[in-house]
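Biologist: Please select a single part of this predicted model and take a close look at it. I should like one connected account that begins with a single residue and proceeds outward to its surroundings.

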Amino acid sequence: MDLEKTAKNLRTAGFSVQVFDSGAEAAEWLNRQVDGKTVGIGGSATVKALGLYELLKTHNTVYWHWEQDQDEARRNAETSPRRSGRHSSTRKRPVSQRAVTAATTARARNASAGRW
């Protein structure tokens, strides 16, 4: 995988891209970037492996159906003021979604280098 080419293509598509040497480095960066926000997490083994839920919930409101009662998760999803059936364009995504993309890019880099 050509990580620099991937990062360039993501930037061209309107994503904010950060490249990290480790998952821990990516998680700490995200933890500093996302503060005092409401964060919704879809099913993600990457988020779980990085420990992002635990980091972010200390200073954000975080909704994640893997960590909540299913009825509570459903109620939160139904009453979310930004609820949408489809993803918005990449240029309109909140920083938390772009940041998770950056973390996923870091994971791909580490996996290709045999670090994870």
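**One residue and its strand**

Modeller: In this predicted model, Val39 touches Val34, Leu56, Asn60, Thr61, Val62 and Tyr63, when residues up to four places away in sequence are left out of the count.

The strand that carries this residue comes next. Strand 1 has two faces: Val39 and Ile41 form the covered one, whereas Thr38 and Gly40 form the uncovered one. This pattern may be read against a general rule. In a regular strand, side chains alternate between the two faces of the sheet.

The pairing of the strand may be considered next. Strand 1 and strand 2 run parallel and are joined by four bridges. Within strand 2, Tyr63 is the bridge partner of Gly40. Tyr63 is also among the residues that Val39 touches.

The covered face leads on to the interior. Both of its residues, Val39 and Ile41, are among those with the most contacts inside the largest nonpolar core, together with Leu52, Leu56 and Val62. This core has 15 residues. Two or more of them come from each of the following elements: helix 2 (23-33), strand 1 (38-41), helix 3 (45-50), helix 4 (52-56) and strand 2 (61-64). Helix 2 gives the largest share, four residues. Leu56 and Val62, both listed with Val39 for the most contacts inside the core, are likewise among the residues that Val39 touches.

Methods. Residues are numbered from 1 along each chain as its sequence is written. This is a predicted model: local features need pLDDT of at least 70, side-chain atom pairs count only at pLDDT 80 or more; totals for chains, interfaces and linings use all residues. Side-chain values use heavy atoms; hydrogens and water are left out. A nonpolar core is a set of buried Ala, Val, Leu, Ile, Met, Phe, Trp, Tyr and Cys residues joined through side-chain atoms within 4.5 Å. Buried means under 20% relative accessible area, exposed over 50%, partly exposed in between (1.4 Å probe, protein chains only). Contact means heavy atoms within 4.5 Å. Two strands pair if DSSP finds at least two bridges between them.
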